[in-house]
Every structure is written in structure tokens, then in C-alpha cells.
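Me: I'm new to this one and would like a close look at a single part of it. Could you start there and then walk me outward?

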Amino acid sequence: MSDKHIYDLVVIGAGPAGLTAGLYAGRATMDTLILEGENVGGQVTTTSIVANYPAVADVDGAQLMNQWQEQVAALGVKIAHDQATQFDFTGDVKKVTSQSGKEYYGRAVIIATGASPRKVGFAGEDEFRGRGVAYCSTCDGELFAGLQVFVVGGGYAAAEEADYLTRFAKHVTVLVRADKFHCPPLVAAKALNNPKVSVQYHTEVKAVDGDDYLTTATLVNNQTGEQTVYHVDDGDRTFGIFVYAGTKPATRPFAGVLDMDDRGYLKTDADGATNVAGVYAAGDVIVKDLRQIVTAAADGATAATAAEKYITAQKQRLGIPIHREVKKSAQPVGQTSQVSADQQPAKQHSGKWLTADIVSQLKAVFSRMTKPVTLQLLENHTQHSQELDSFVNEVAQYSDLLTVERHEITSDDVLLPQLRLFVDGEDTGLHYAGIPSGHEMSSLVLGIYNVGGPGQDVPAELRERIAKLPHVEIKIGVSLTCHFCPDVVAACQRMASLNPHVSATMIDLGEFPELREQRKIMSVPATIMNDGPVIFGSQTMEQLVTAAEQAGQN
């Protein structure tokens, strides 16, 4: 194993618990790796407003996690996008194997894999996901503008997100299965005191139904058994059901190895230690009463401190020298750009698009470009075209390798305005219908980096599969407020950058509702390959490549 890099600590998961573990490990100058298979920040990135984190009042969840990530990276902790799937916790050195087959080694491991939204299980829940049933208000809320919305749940998330959804919905009804909210009164008051929110207690969803969209919901009073049927309001095409009914821990790979309770949460002691020496757990994945950002952070700090003592004792026992030095700032790698996209202004915009902080980050990324990239604008005579022109020109001024080329067109076959990336006079297949601002700023930056620089790392096996893909036209419907969309866009566009037969177009559904209407889309990200079925939700590159292979065969 001498040729293998052995980290002091490997952290699985980059939510509040994992990032805090990395923060404390970095400050202790441990050689630390954080592995995250999905979105850095975890469930917090789907939270509209975080109002109960100490000394940080009313902050956007994604913004908070971006700041957290930058703080950890500044301590030299490496954050890598890779999905850990297999684990060997025997011996002094633990082995973690990723989905791509890459192996990582650490003297201690902290499991901070978190939990995912739990489905309720009512009839039609899976069938109408993305067509009326949703789980993320910040991703999908704006798609329900002017419509009736139901929120299922009675905890923190249900109360907070019901209040947030009134920004879009004409009315929000919270369905609480108990006789009251099971969260602090001040949190519940956000919903109870909002005139656009009503609450039905002892009420559950039995079934939903519809044609292309959700149009009916059968509700049942769990005390009396009385059933009522809600029909979509006259003039509306659909309504929304947002589910906030607790979480399911991501612990399946540890079954039979680590002790769990009957719900699948990991059992730990006061130091975060599991039943296996050198393996710790923190955050929403462990057995505890309160699952909040602040408790996850505390768990991460506790586990990292205990792990540091364990690692030091192990090295002393094995006669391994302990070399501790302050590491240089690390740049997180993977599908998510370090550009703080949520600092971007809204789409209706005048003046500068980029803050000084974002400009600094752009320059760092663009400095790694090795060849010229032409930003081709397909425009029409609209305000939206003028805004895209302004945005692209501002981005282009920060690299001598970026040039802007404009074409006025009137074709009805092209979504306008649109940005396309060209290299050496050839269309790279990386397209943006709408303005890639907001969270999609990261997609644009990564797109430029992928066609004009070294590009993101892709495992050799996936590269080979991507290279063999036949013609695949990918469309990704997004919302600029969605925190999951950029990863899907970036992964699809990375595929396009590696294969000239593949194209990947980001489409802002807020600006192009005709696609949303045509494909009956009520949730993002919504990925369409060769005009096949819509694929809803976050997808890994492995999943997207598999879908592209299937689309190419049809």
C-alpha cells in the first residue's frame, strides 16, 4: 500500500456536518479529503431562508453553504466530487471505493452522508413527480406561480417552506397529520400568521391523479375517515403538492457493518464513534432528536476532534512520524464551480452583472484556459437579447481568449436569445437558451473551462463510453433558483465537450415556458435526450451517460 496516498481523514458527505468536520480537521492540519457525490451543502441548499443559524440571520441556504465550502477549502482540505459506494473498514487504514472504481484510503473515516426527503407513499406520488408533486420549493416554487399549492408535513421544513411558497402560489394549504405543528411556535408562526396560508390538521393525502398534470387530490381525515377530493381550480392547468415529511438516512451501504436503529440511523457514542474503531458519524445520518444545521455542525466538530485523537494515537502506535503543516488553499473539484452563483443579480437587470468577488474567481478559472473560445450570440430584437448581450460582454472582458460574435436571426426553430460556445470555428455543442446567470453562472464558467482549458476530470471508463455515443441532443430545463440544475447542466455539457455528436442546451424555463407546456414540466432539473421521456431530478454523470446510451439506441 506504499504507493497509495493515505489521508489522515476521509469524510463522506459535504453537508453541514461533513464541512464542519473538514473545517476542524483542516485547522488541526490533518491531511483531509471530503468526498461528495451530489451537491456540496446537502439539503441546506434546498432551503429558501436559513433563519436559525447563530449570528447569521435570514441567509439563503445555498449562499451559506458556499461560504462554508470556501472556508474549508481555504484550510487546504480537498473537496472532491465522487460517489462513494463501497467501504472496507477493517484494519488501521480504511478503504473507500467510488462508483467509478477509484480507491481512497484514510486512517479514519467520518460518515456524514445525511438524509434525503422521505416520500409519503400516497397513490400517484411517483407517477406525478415533476408534474405537480415536488420536494424542493427553491427549485420548483416559481413554476407554480399563481396556482394553488399544498404542503404535506408539520415540522420545520413544512412551516418555513409554506411561508416561502406564498411568494409564488395564490394560496398554500398545509396538511398536518397531527393536531399541531411539531416545531417551535416561532417557526410554526411563519405559516400560521401568513394570510395566504391555511392549515388542515389530522389530514393526509390518500391519492393524486390527473392526465398530463396533477388535477385531483383525495384527502382523508385520519380521525374521522372522512374523504374529500380537491379538483384543480377553474382556469388552472394544475396545482402543486410539496412534500416535507421527514427524511430517510443514507446508510444502506453500511448495513451489517455499522450499528443502526430500526429506522436506519447510525448509532454513535458521545464522541461520534460508531461500533467500528476509526469510523465516526455525524449529522442527519445519526440517531438523535433534533436534525438542524447547528446540530449537524456540532456533530461534525465533535467527530473530527475525536478522529484527530484516534489518528494521532494510531500513528504513535505504528511508529509513523506525525508531520503537521498548514496546507495551502485547496480548490474544490468536480461539477460545481467555485463561482458564488447565488450572488448573481436577478434576471431583470441593469448595470453590472458581476461582483468584485465573482470577478476574482472568474479570473482564476479563466487563467487556466489554453485556447480561444468564441461566445456566439444568436439574438433577436428583444429586451432579453439586450440583457444576454450585456451579460456575455461583461464575462468576456476577463479573458483575452474570449471573444464575442453576434448574429441576428429570426428562425422559429431556435430558442432566442441563445449563447453558443465555439472553438476553432466549430460549434462545441454547449448552448445556453436564456441568460446563464444565477446558479447557472457556474454552468457557463465550467462550460468555457471544459472547451477552452484542461476540463473537468472524467474517469477513463466514462470517457470511453462518452466517446462511443451516437447522435444525442440533450435539453436541460432549469430554473435559475435551482441548486441542483447546474450540476446536471455541467455534466451533460462535459459529455458534449468530449463528443462532437453530443449537444447539451441549458434552457431557462422561466423564459421559454413553451417547452414547459409542451413536455408538461413542473419540476427541475428536467433532462430530455433526443426528445425522449423527461428525466426529473439530480443525476450523476454515470446516470446521464447511461441515459444517453439508451437514447442513442432509440
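Is Lys520 buried, partly exposed or exposed, and what is its relative accessibility?

Reply: Keep in mind that what you're looking at is a predicted model. Lys520 counts as partly exposed, because its relative accessibility is 22% and the buried class covers residues under 20%. You'll find Lys520 in the loop between H12 and E24. What makes this spot worth a pause is the backbone: Lys520 has a positive phi of about 55°, even though it is not a glycine. Most residues other than glycine have a negative phi, and most peptide bonds are trans.

Stay in that loop for a moment, as there's a second oddity in it. Pro525 also sits between helix H12 (513-518) and strand E24 (526-529). The peptide bond joining Val524 to Pro525 is cis, with omega at about -5°.

Now hop to another stretch with a similar pair of features. Leu416 and Pro417 are joined by a cis peptide bond too, with an omega of about 0°. Pro417 belongs to the loop between strand E19 (402-408) and strand E20 (418-423). Go past E20 and you reach Asp424, which is in the loop between E20 and E21. Asp424 has a positive phi of about 55° and is not a glycine. Asp424 is exposed, because its relative accessible area is 70% and exposed means over 50%.

Next comes strand E21 (residues 426-433), which holds His431. His431 counts as buried, at 7% relative accessibility. What does His431 touch, once its neighbours within four places in sequence are set aside? The contacts are Gln418, Leu419, Arg420, Gln493, Ala504, Thr505 and Met506.

From here, let's follow the charged side chains. A search of the whole structure turns up 16 salt bridges. Four residues, Glu461, Arg465, Glu542 and Glu549, are linked in a network of them. Start with Glu461 and Arg465, whose side chains meet at 3.5 Å, N to O. Both are in helix H10 (residues 460-467), four residues apart, which is about one turn of the helix. Their surroundings differ in class: Glu461 is partly exposed, with a relative accessible area of 41%, while Arg465 is buried at 16%. Arg465 also forms a salt bridge with Glu549, where the closest N and O atoms are 2.9 Å apart. Glu549 lies in helix H13 (residues 541-553) and Arg465 in helix H10, so this pair ties together parts that are 84 residues apart in sequence. Glu549 itself counts as partly exposed, at 24% relative accessibility.

Another salt bridge to pick out joins Asp299 and Lys288, with 2.6 Å between the closest N and O atoms. Asp299 is in helix H6 (residues 293-318), and Lys288 is in the loop between strand E17 (279-281) and H6, so the pair ties together parts that are eleven residues apart in sequence. Asp299 and Lys288 are both buried.

For a residue without charge, look at Val359 in helix H7 (residues 356-366). Val359 is buried, with a relative accessible area of 10%. Not counting residues up to four places away in sequence, Val359 touches Leu354 and Tyr398. If you'd like a ruler for the model, take Val359 and Val176: they are 183 residues apart in sequence and 46 Å apart in space, C-alpha to C-alpha.

Last stop: a pair of helices. Two packed helices are described by the angle between their axes and the distance between the axes. Helix H1 (residues 16-27) packs with helix H2 (residues 61-73) at an angle of about 25°, and their axes are 9 Å apart. H1 and H2 are therefore roughly parallel to each other, as angles under 35 degrees fall in that class. Their crossing is left-handed. On the H1 side, the contact is made by Pro16, Leu19, Thr20, Gly22 and Leu23, and H2 brings Met65, Trp68, Gln69, Gln71 and Val72. By class, this contact of H1 with H2 has six nonpolar residues, four polar ones and no charged ones.

Key. Residues numbered from 1 in each chain as written. Predicted model: local features only at pLDDT ≥ 70, side-chain atom pairs only at ≥ 80, totals over all residues. Heavy atoms only, no water. Helix = DSSP H or I, 4+ residues; strand = E, 2+ residues; numbered from the N terminus. Buried < 20%, exposed > 50% of the residue type's maximum accessible area, 1.4 Å probe, protein only. Axes fitted to C-alpha atoms, helices over the stretch in contact; angles between N-to-C directions. Parallel < 35°, antiparallel > 145°, perpendicular 65-115°, else oblique. Left-handed = near helix turned anticlockwise from the far one by under 90°. Contact = heavy atoms within 4.5 Å. Nonpolar A, V, L, I, M, F, W, Y, C, P; charged D, E, K, R; others polar.
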